[in-house]
Amino acid sequence: MSERVVIDPLTRIEGHLRIELETDGSAISKAWSETTQFRGIETIVQGRDPRDAWAFVQRICGVCTSVHAIASINAVENAIGSNPPEQARLIRDMVLASQAVQDHVIHFYHLHAMDWVNVPSAATADPQAAVDFAKKIGSTWKGNTLERMTAVRDTVKGILDSGQLTIFTGGYWDHPDYRLPPEANLMAVAHYLDALEFQRSMIRIGTVFGGKNPHPNFLVGGMACTIDPDKSESINQVQVDQIADWIAETTEFVHACYLPDALAILGVYPDYFEIGAAQPNYLAVGMSGATFAGAPSASRLTTPFTQVKPGVILDGDLSTVHDFDPSKIAEYVSSAWYTYPDGEVALAPDKGVTDPAYTGPTPPFTWLAGADDGKYTWCKAPRYDGHAMQVGPLARVLLAYAQGHARTKELVDGAATRYGISLDKLNSTAGRTLARAVECVTSAEMLADSTFPTFVANLKKGDIDVFDSSRWEPSSWPAEASGFSFVEVARGNLSHWVTIKDGKVDKYQAVVPTTWLAGGRDDTGAQGPYEESLAGNGKHPLVNPAQPLEPLRTIHSFDPCMSCAVHVLDVEGTELGIATS
Amino acid sequence: MSYEPNGWQEPTLGENLARAGIKRRDFLKFCGGLAAVFALGNQATGTAHAAPVTAEQIADKLSALTKPNVVWLQLQECTGCMESTLRSGGTTVEEIVLNLLSVNYNELVMAASGDAANKALDDTNAEPHILVVNGSIPLGAGGAYCTIGGKSAEQVLRESAEKATAILAVGACAVWGSVQASKPNPTGAVGVDEIITDRPVINVSGCPPIGEVITATVAYVLTHGDLPKTDAEGRPLFAYDQRIHDSCPRRAHFDAGQFVRTFDDEGARNGWCLYEMGCKGPSTFSACPVIQWNLHTSWPIGAGHPCIGCTEKQFFDRFTPFYQTLPDVTGFGIEATAQEVGWGLVGATVAAVGVHAGVTAARRASATRTKVDPPLRAFGDSTVWLPTPTSRRPAHVDDAPAPKTTDEPGKAE
């Protein structure tokens, strides 16, 4: 006897994700990952000035703001032969690093924590016990005071007493698998609020250079923000000092608050290192923030962390890091509402076509899976050499580990020893969440120890050049040029691909982390990573279908970003034939 | 600097007010204007034909009442508007979701998913509530381009709007459709006020809007018990009554004819005017220079990039190519350049712009521009690009200020 379960909306993610499940008793037997939004941005970019493209494609996502813009300008620069000065690249690297840290912190506290933390329970906690608990788990965060914990408890209590539960309305608070004691829940809620304040503060690193956040401004050929130590209207020592402070704040929060919290909370849910395994295949072009224009093996761009090379790990075999070959990427439309012109099952990104052809039921609908044509999502299914791949913090951490990155190894080994797990157990719900925390530490440290100091040292040497004007004018471009770029962003491996003809965008394509992860079945029926993590072994728990807490934990461990996942390109440049308003 | 939660600590508003030392008399006064927004039941939804209620009755009801319930939808969008809300340093998001309001439905931050989330939405929709909308509504493919809980974005919006006492469209997508509504608008995306046509929709434009502007719009409604005054586009005057060009700290360089000619040139390092680099500040209504971004850290022009005009209608079509200067519009390129590019472009009377030495230089600069791409023509000669003087007049053209005004738009707090 199987029961159908629908989770829609799947909340605390970016965008719109629907999960359909079949359960067998208390475990999940089948799963379908269904993306329910489509916007068509790459179609819209066609025919426009390639120097404008970043502003359009940046709007693919406001959570991972900046990253699509940077991938876009890299790809355009790669195509037209523009060579941004080192300081401009370092500025982009700093923006990427601050974005990556902010994104991971927001994910852990504001999107993922309520899967593990029971908020109402915090109202019953003894505030002093919360202070003591924080100390016990090694949290040295400055917010761990009796006054603070008392105030937060009173706030939670006030909300509960009012009977209006605001964002906590309908939470699964009586679910039997919330395991933290009240004082731990109180500490976590306090840190949830602290993290809100933290992210507001540290995101200003990007604002100095891009003028706003979300959606800061970028520039093909460099950066628009000028730097000059002797001018009040340029970025000078005033901003350098501010950034130094914000970076110090960042490393403090990550070390004193985020990492201890993540380690402690996962330690209470150790069985989640056995739950949620997806395909043990991993792809990354380096550590978080790694950036390449064109093929990584031949890129002009230096990337901030050169120690870890691009690579592919297959079947969980960390002893062999395969060379990464971009030409082995193909996207399947077997389960997605698109058609390929000649009926191909898969196309490479540089040849990709996305012609939306919705064949599902007219909304409102109650069930999508099992349609005659097998289609149930707006998300294509990328494969590498035929394999479904995991991208993101776990893939990068394993790649760094496999290549002997010392700090990553130290953090991973420390956690593995603490939990008594072997490395392969990182392929799990808890493992992905742990990898994100580990990566947040290394990203913050590299920003503080490497990228920012290099930028300042260059400034000291008088290097204030931030713009390559030689390729600004379209008259300096070839009549036809193609370029692409890979960037390791918060959720994983991102690539943008562009072809420019007669000064206009002719083709545009993005292959996005969440597409790799949230895509559905390919032509062989093999599942995508979300689906595999839920239904791969038939053992994923789901105690009460009305309270799907367990699958939420697993899906959130991937940090879904659905707007990113759904991109479209019609390479023929034809309009899509959909009625407009 | 640290945020100290100071929550709704008593069960009812009356008790909370008493706790905060608010006098009944002051509360009664406040109640006079409150009925339109707070959830008072059917008889006091603020419509003209509603049965009259006294401030005393309102006060009694309100005293027993709780926080306004809120549905905060995210339709076809990128979540940038919620991220901007998270970054607000005025009224913070934690004050909004924990203290000021009961945000019973918002997909980004709410605990519940699936059926429990849909129940929270249905329950809140069933009673009067405040509705905030991020994202556009795609009308193509029978609504299949954006579905939530199996329903189309249009259906979700209509159900949530039915009993809403105030509707705020937040962000360029909710206001006009933004990037996905740009040509060729593959999904048929439209803004909220093209679906909800029987009531006022407050349009908080921007891609995204400044976080402080988003939260201040909500706080404005709570503070004043009424919707904010708006311009003809439905944008709150407190944040959209002036063009960037009017409050731009670089305005003096425009007037003096000091322009950045190439990114990273000497002028750029000196903070000169970005008009020649394509700045859309002269045609963009926003308080960016005043409020700035991310705790007053910087703002786009302050960080050296031209304004791309993201608070304006269909800026992805009308303001592109972004790095091309504003086109020749009536009057531009003649002696009155500064004024015409100033208030003249939106048809207002400029009160007191002197004739600057820079005008000649500006004209000379404009004369050196070789050609203007066709898309830019659109907003030079189009009747829809910016409102005509008469269409904008009711809002704020009547008292079009001199370019330099001392009145700051209302701050977030």
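Which helix of chain A does A:Ile205 lie in?

**View 1. A:Ile205 and its surroundings.** A:Ile205 lies in helix H9 of chain A. Keep in mind as you look through these views that the model is predicted. A residue counts as buried once 20 or more other C-beta atoms sit within 10 Å of its own, and A:Ile205, with 29 such neighbours inside 10 Å, is therefore buried. Leaving aside residues up to four places away in sequence, A:Ile205 touches A:Met94, A:Ser98, A:Ile243 and A:Trp246. For a sense of scale, try finding A:Asp424 too: 219 residues separate A:Ile205 from A:Asp424 in sequence, and their C-alpha atoms are 36 Å apart in space.

**View 2. Helix H6 of chain A, with its two sides.** H6(A) runs over residues 127-136. Its buried residues are A:Pro127, A:Ala130, A:Val131, A:Phe133 and A:Ala134. These buried residues cover an arc of only 160 degrees around the axis, so they end up on the same side of H6(A). As a rule of thumb, an α-helix has 3.6 residues a turn, so residues three or four places apart point the same way. Turn to the other side of H6(A) and you'll meet A:Gln128 and A:Lys135, which are exposed. The buried residues of H6(A) pack against H7 and H8 of chain A. Just past the end of H6(A), A:Gly138 takes a positive phi of about 85 degrees.

**View 3. Helix H7 of chain A and what covers it.** H7(A) has 17 residues, 146-162, and at 1.5 Å a residue it should span 24 Å; the C-alpha atoms at its ends are 24 Å apart, so the two values agree. Its buried residues are A:Arg148, A:Met149, A:Val152, A:Arg153, A:Thr155, A:Val156, A:Gly158, A:Ile159 and A:Ser162. What covers them includes helices H5 (119-122), H6 (127-136) and H8 (182-202) of chain A, along with helix H5 (93-100) of chain B. Right after H7(A) comes A:Gly163, with a positive phi of about 80 degrees.

**View 4. Where chain A touches chain B.** Here 95 residues of chain A are in contact with 94 residues of chain B. On the chain A side, strand E1 (2-7), helix H1 (41-45), helix H2 (53-58), H7, H8 and helix H9 (204-210) each supply at least two residues. H7(A) gives the most to this side, with 8 residues. Sorted by class, the side of chain A that touches chain B has 40 nonpolar, 35 polar and 20 charged residues.

**View 5. The largest nonpolar core, with A:Val189.** The largest nonpolar core has 303 residues, and those with the most contacts inside it are A:Val189, A:Tyr258, A:Leu398, B:Val133, B:Ile167 and B:Ala169. Helix H4 of chain A (residues 86-112) gives the most to this core, with 14 residues. From chain B, the core draws at least three residues from each of domain 2 (68-228) and domain 3 (240-397). Zoom in on A:Val189 and, not counting residues up to four places away in sequence, you'll find it touching A:Val117, A:Val119, A:Ala122, A:Val152 and A:Val156.

**View 6. Chain B on its own.** Chain B has 19 helices and 9 strands. Of its 413 residues, 61% are buried. Looking at contacts in chain B with a separation of 6 or more, 74% are between residues 24 or more positions apart.

Definitions and conventions: Residues numbered from 1 in each chain as written. Chains lettered and ligands numbered in written order. Predicted model: local features only at pLDDT ≥ 70, side-chain atom pairs only at ≥ 80, totals over all residues. Helix = DSSP H or I, 4+ residues; strand = E, 2+ residues; numbered from the N terminus. Expected span 1.5 Å × (residues − 1). Buried ≥ 20, exposed ≤ 12 C-beta atoms within 10 Å, placed from the backbone. Contact = placed C-beta atoms within 7 Å. Nonpolar A, V, L, I, M, F, W, Y, C, P; charged D, E, K, R; others polar. Core = buried A, V, L, I, M, F, W, Y, C linked by C-beta atoms within 7 Å. Domains from an automatic or database assignment. Arc of directions from axis to C-beta.
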